[in-house]
Number of protein chains: 2
Amino acid sequence: MSTTTTNEQPGQDPHGVSRRGFLAGMPVAVGGAAVALSAQAAPAARAEDGRGPTPQSTESEQLASQTIPFDGKNQAGIAEPEQAYMNLLGLNIKPGRGLKDMTFLMRSWTADMRRLTQGKNPLGSLEKELSTSPANLTVTCGYGPGFFSAIGAERAKPSWLKPLPAYKTDKLEEQWGQTDLALQVCCDDPVTLAFAVRHLLRSSIDYVEVAWVQQGFMNADGTLAEGATPRNLFGQKDGTVNPRSSEELNDHVWITEGPEWQKNGTCMIARRIFMNLDTWELLDRTSREVVIGRDLENGAPLSGGEEFDDIDPKKADRTGLPIIDPMSHAARAKAPKDKPEQVIKRRPYQYSLPPDPKVVAAMTRPDDEAAIISNVGLVFICFQKDPLKQFDPIQKRLAEGDRLNQWITHIGSAVYFVPPGVSKDGTEGDKYWGASLLESLQH
Amino acid sequence: MSTTTTNEQPGQDPHGVSRRGFLAGMPVAVGGAAVALSAQAAPAARAEDGRGPTPQSTESEQLASQTIPFDGKNQAGIAEPEQAYMNLLGLNIKPGRGLKDMTFLMRSWTADMRRLTQGKNPLGSLEKELSTSPANLTVTCGYGPGFFSAIGAERAKPSWLKPLPAYKTDKLEEQWGQTDLALQVCCDDPVTLAFAVRHLLRSSIDYVEVAWVQQGFMNADGTLAEGATPRNLFGQKDGTVNPRSSEELNDHVWITEGPEWQKNGTCMIARRIFMNLDTWELLDRTSREVVIGRDLENGAPLSGGEEFDDIDPKKADRTGLPIIDPMSHAARAKAPKDKPEQVIKRRPYQYSLPPDPKVVAAMTRPDDEAAIISNVGLVFICFQKDPLKQFDPIQKRLAEGDRLNQWITHIGSAVYFVPPGVSKDGTEGDKYWGASLLESLQH
C-alpha cells in the first residue's frame with residue numbers, strides 16, 4: 001500500500017496535505033479489509049510456536065509507506081507540514097572543486113534522493129533494507145555564496161545572497177555560520193533520516209566536508225490534530241502566522257522574477273536560537289502570555305478571537321492601556337499595514353541537547369535569576385522570496401524591542417538560494433538541482 | 001479516546017503488545033465514526049475563511065493518546081517494544097545529599113511520572129499543553145553503586161552492582177561511565193520526551209547533577225510491521241534473540257530471589273558502542289552476512305530456516321566447513337547448550353550524531369581502510385537478573401573473538417539496579433520507586 005501526499009498542486013492548499021491525510025480519506029472498509037487480510041496471512045505455524053513474533057503487514061506500516069513527491073515545480077520540504085525529524089547539513093566545498101564537480105554532485109544527489117524519497121534504494125547502495133520506510137522523507141538543497149564562487153558565477157548570484165545585517169541581540173557563533181551548501185533532510189522515521197544523511201555524505205565525500213549538522217524535532221506523526229499548530233519547548237504555538245495556500249506561497253515564497261534559473265526557487269534562512277528555559281520557567285502563565293501577546297492554551301491573540309484571527313494592537317482595556325503589550329512578540333512581529341510583503345514561511349524545529357558548560361558560559365547573562373542547565377532552542381528555518389524585504393525588517397523590529405529577547409539568543413545564521421524543483425525529463429523545473437544555472441555556465 | 005497497552009499481565013506475551021495494537025483491535029466502525037464526527041465538528045466559518053487550518057480531532061491523534069501503564073509489578077520501559085525515541089540520563093547525587101533527600105526525590109519523581117506518562121500534567125507544572133501527548137511515554141529509574149552509598153546502604157547493594165569486568169576490546173571513555181542514578185525516558189513523541197526530561201531535571205536540580213545524556217532513536221511508530229525486529233544502522237536486524245513471553249522474562253529478567261525489595265526489579269546495563277560505518281560499508285553484502293552469521297534481508301541464520309530459528313553452528317557445506325563462521329557474531333553470542341541462563345533482554349537504540357574530530361581521533365585504527373566521517377552507534381541497553389551470570393559470559397566470548405569487533409568499539413559502560421514497579425496504594429510493588437528499600441533504612 002503506497003500512499004502519496006502532494007508536494008505542490010496549483011489551486012490546492014498545501015496545508016491541507018496531512019501527514020495522516022490518506023487515513024482520514026480512506027474508505028473505512030479498506031482498513032477493515034487490511035486487518036482481516038493480515039490476520040489470515042499470518043502463518044499459523046509461526047504464530048503458535050511461541051518462539052518469535054509474526055511479522056505482519058497491517059496498519060502498523062501506514063507511516064512507512066507515505067511519500068512526498070520528489071519531483072515538482074518547487075523543491076519539497078518547504079510547503080509541506082513539518083515531518084517529525086530534521087537534520088540540516090551545512091557543507092563546504094573542498095578546495096579546487098568547481099563547476100564540473102558541482103554538476104556531477106547535483107546530478108548524483110538528485111538521482112539518489114529521487115529514489116530514496118520514494119522508498120527505492122539509491123543505485124549502488126548495498127543497504128536496500130534501510131530504504132523501505134520513506135515516511136515522508138524530503139531533501140531540500142540550498143546554495144550559499146561560496147557555491148556561486150566555486151562554480152565561477154559569483155556575479156550571477158542573487159543580490160540578497162550574503163550575510164544578513166547584524167541585529168542588536170545577535171550573539172552569533174562561527175560554528176553555526178554560513179556554508180557553501182545546505183541540505184535540509186526531513187523525515188517521520190529517524191532511522192530512514194539517518195540513512196538518508198549517511199548516503200548524502202558518503203556519496204559526496206570527495207566534493208564537500210561537513211561544517212555543522214543541526215538536528216531538530218517536531219511533534220511525531222499522529223500526535224497533532226489535523227492542521228494544528230505545533231508548540232515549541234516554551235509551550236507556545238509556533239507557526240500560527242504562516243502562508244499556507246498556493247496563492248500565499250506564490251506571493252511570499254516562490255521566486256517569480258529575475259533570471260529563469262531562479263524562478264520557482266526560494267531563499268532559505270537558517271538561524272539557531274537558544275531558548276533559556278531556566279529563566280523562562282520562572283514566569284507565571286500570565287507573564288508568559290504578556291510576553292508573547294497570545295493565549296498560551298489556544299494561541300489566540302490577547303486582544304480576542306481565535307488562533308488565526310489577526311491581533312488588534314490598538315484594542316485597549318478599561319484603563320485605556322493596550323491589551324496587547326506593544327513590546328510583546330506578536331505585536332513586534334506583525335507586519336505594518338503598508339508592508340504586506342513582510343511575511344515569511346516558518347518551518348522551525350526544536351532542539352533539546354545534553355547540558356553543556358560551553359553553552360552555560362556563553363548564554364549566562366548578568367541579570368539572570370536562575371542558573372542555566374538547559375540546552376534547548378530552535379533550529380529556526382524560514383523561506384521567502386527575498387530575505388532583505390521579508391525576514392530582515394521583521395527581525396530588525398524584534399531585535400530592537402521584543403520582550404521575548406530576554407529569554408532567547410540568536411547564535412547561528414546562514415542564508416541559501418534554493419533552486420527550483422526538478423523532474424526526471426525536465427518537463428517541469430530542472431532535470432537536476434541547479435541544472436539550468438550550472439548548464440548556462442558550461443560553454 | 002484514550003487507549004492503553006499493557007505493561008505486564010501474567011500469561012500474556014508482552015511482545016504481543018503493539019505500538020499500534022489498539023488500532024488493529026479497534027472495531028472498524030469506531031474509526032469511521034471518528035472521521036465523520038470530526039468533519040461535522042469543524043466550525044464551518046473557520047473552514048471556509050481560508051485564513052487558517054481547522055484543528056480537528058481525527059485518527060491523526062491516535063499516537064498521542066496511547067499510554068503504557070506506569071503502575072505495575074515491574075517498571076515500564078523494559079518488557080515493552082521500543083518507542084521511537086530515548087534519552088538515557090546519567091545523574092550523580094550532589095555532595096551531602098542522603099537518605100531523606102533520595103526518599104523525597106523518589107516520591108516526587110514517581111508522583112510526577114505517574115501523571116505525565118498517562119497524559120496528565122505533573123502537579124505544579126505550568127506547561128499543561130506539553131503533557132497532552134503521552135505517546136507511550138515510559139520512565140525507568142535505576143540505581144548505581146553511588147546511590148546505595150548516599151543512602152547509607154552500601155552493604156545492602158546487590159553483589160553484582162559494580163563495574164563489569166574489563167573486556168579485551170573495551171575502549172571505555174570516562175564521559176560515558178557509571179553514575180549514581182539513571183533515568184531511561186522513552187517516548188514515541190520527541191516533544192513529549194523533551195518535556196519529560198526537562199521536568200525530571202528541573203524537579204531534581206537540588207539533588208542531582210547531569211553526568212551525561214545519551215540520546216537514541218529507533219524506527220518511528222507506524223514504520224515497522226507488527227512484531228518485526230528493528231534494524232540498526234549497519235542494516236542488521238537487531239534483537240532477534242530476545243526473551244519476550246512472561247515466562248521468559250521471569251526466567252531471565254525479573255529478579256525472583258534475594259531480599260524482598262529487590263524482587264521484581266532487574267539489572268540494567270548501558271553500554272555505548274561506536275559503529276564504524278565508514279569501514280563497514282567497504283564490505284560487500286556477502287561479507288557482511290558472514291560477519292554476522294545471518295542473512296541481511298530476513299535475519300535468518302545462514303545455516304537455514306527463518307529469523308527466529310536457532311542457528312546451527314555445526315551445519316557444514318559440501319566441503320565440510322561450517323556454514324556459519326564460528327567467529328561470526330551470531331555464533332559467538334549464542335549461549336552454550338549447558339548455559340541456558342545466558343540470555344539478556346536487549347533494548348538498544350541507535351545514535352547518529354554530527355561528525356566529530358574527537359571521535360575520529362579516538363576511533364581510528366592503524367589498519368582502517370577508510371577515513372572516519374561517521375559518528376554512529378548504539379546506546380546498547382539490556383536487562384537481566386544478574387549481569388555476571390548473563391551479560392558477562394556473552395560479552396567475554398564476543399570480546400575474545402567476534403568478527404564484528406573490527407567495526408565496533410565499546411566506549412561506555414554502566415550498571416544499575418532497577419527497583420520493582422509501583423502502585424499508588426502499594427498493593428502491587430512499591431508505593432514509590434525504591435520505597436521498600438528506602439523505608440527499611442529509616443528507623
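These legends describe close-up views of a predicted model.

**Figure 1. Helix 7 of chain B, residues 190-202.**
The helix has 13 residues. From its first C-alpha to its last it reaches 18 Å, close to the 18 Å expected at 1.5 Å a residue. Of the 13 residues, 12 are buried, so helix 7 of chain B is largely enclosed by the rest of the structure. The buried residues run from Pro190(B), Val191(B), Thr192(B), Leu193(B), Ala194(B) and Phe195(B) to Ala196(B), Val197(B), Arg198(B), His199(B), Leu200(B) and Leu201(B). Asp189(B) appears at the start of the helix. One of its side-chain oxygens reaches to within 3.1 Å of the backbone nitrogen of Val191(B).

**Figure 2. The largest cavity, lined by residues of chains A and B.**
The count of cavities of 30 Å³ or more comes to 12. The largest has a volume of about 420 Å³. Its lining holds 26 residues. Closest to the centre are Gln215(A), Phe217(A), Tyr85(B), Gln215(B) and Phe217(B). Chain A gives two or more residues from each of strand 3 (85-93), helix 7 (190-202), strand 6 (208-217) and strand 9 (349-352). Chain B does so from strand 3 (85-93), helix 7, strand 6 (208-217) and strand 9 (349-352). By class, 16 lining residues are nonpolar and 10 are polar. No charged residue lines this cavity.

**Figure 3. A salt bridge between Asp278(B) and Arg198(A).**
Over all chains, the count of salt bridges comes to 34. In this one, the side chains of Asp278(B) and Arg198(A) meet at 2.9 Å, N to O. Asp278(B) lies in helix 9 (residues 277-280) of chain B, and Arg198(A) lies in helix 7 of chain A, so the pair joins two chains. Both residues are buried. Side chains of opposite charge can pair when their charged atoms come close.

**Figure 4. A salt bridge between Asp278(A) and Arg198(B).**
The two side chains meet at 3.0 Å, N to O. This pair crosses between chains, from helix 9 (residues 277-280) of chain A, which holds Asp278(A), to helix 7 of chain B, which holds Arg198(B). Asp278(A) is buried. Arg198(B) is buried too, and is listed among the buried residues of helix 7 of chain B.

**Figure 5. A salt bridge within chain B, and a network across chains A and B.**
The side chains of Arg271(B) and Asp170(B) meet at 2.9 Å, N to O. Arg271(B) lies in strand 7 (residues 266-275) of chain B. Asp170(B) lies in the loop between helix 6 (145-150) and strand 5 (181-187) of chain B. The pair therefore ties together parts that are 101 residues apart in sequence. Arg271(B) and Asp170(B) are both buried. Elsewhere, salt bridges that share partners form one network. From chain A, Glu127(A), Arg198(A) and Arg202(A) belong to the network. From chain B, Asp278(B), Glu281(B) and Arg288(B) belong to it.

**Figure 6. Asn136(A) and Asn264(B), two residues with positive phi.**
Phi of Asn136(A) is near 65 degrees, a positive value in a residue other than glycine. Asn136(A) sits in the loop between helix 5 (99-116) and strand 4 (138-143) of chain A. Its relative accessible area is 1%, and it is buried. Phi of Asn264(B) is near 70 degrees, again positive in a residue other than glycine. Asn264(B) sits in the loop between helix 8 (246-252) and strand 7 of chain B. At 23% relative accessibility, Asn264(B) counts as partly exposed, because the cut-off for buried is under 20%.

**Figure 7. The polar contact of His199(A) with Asp112(A).**
His199(A) belongs to helix 7 of chain A. This histidine is buried, with a relative accessible area of 4%. Its side chain makes a polar contact with the side chain of Asp112(A) at 2.8 Å.

**Figure 8. Gln62(B) and Ala135(B).**
Gln62(B) is found in helix 4 (residues 62-65) of chain B. Gln62(B) is buried, with a relative accessible area of 1%. Along the chain, Gln62(B) and Ala135(B) are 73 residues apart. Their C-alpha atoms are separated by 8.6 Å.

Definitions and conventions:
Residues are numbered from 1 along each chain as its sequence is written. Chains are lettered from A and ligands numbered from 1 in the order in which they are written. This is a predicted model: local features need pLDDT of at least 70, side-chain atom pairs count only at pLDDT 80 or more; totals for chains, interfaces and linings use all residues. Side-chain values use heavy atoms; hydrogens and water are left out. Helices (H or I, at least four residues) and strands (E, at least two) are DSSP runs, numbered from the N terminus. The expected span of a helix is 1.5 Å times one less than its number of residues. Buried means under 20% relative accessible area, exposed over 50%, partly exposed in between (1.4 Å probe, protein chains only). A polar contact is a pair of N or O atoms within 3.5 Å; within protein, one must be able to donate a hydrogen and the other to accept it, and residues adjacent in sequence count only if both atoms are side-chain atoms. On a 1 Å grid over the protein atoms alone, a cavity is a set of points where a 1.4 Å probe fits but cannot get out, and a pocket is an open set with protein on both sides within 12 Å along at least five of seven lines; lining residues have an atom within 4 Å of a point. Grid points are joined across faces, edges and corners, and a volume is the space filled by probe spheres set on the points. Ala, Val, Leu, Ile, Met, Phe, Trp, Tyr, Cys and Pro count as nonpolar, Asp, Glu, Lys and Arg as charged, and the others, Gly among them, as polar. A salt bridge is a side-chain nitrogen of Lys or Arg within 4 Å of a carboxyl oxygen of Asp or Glu.
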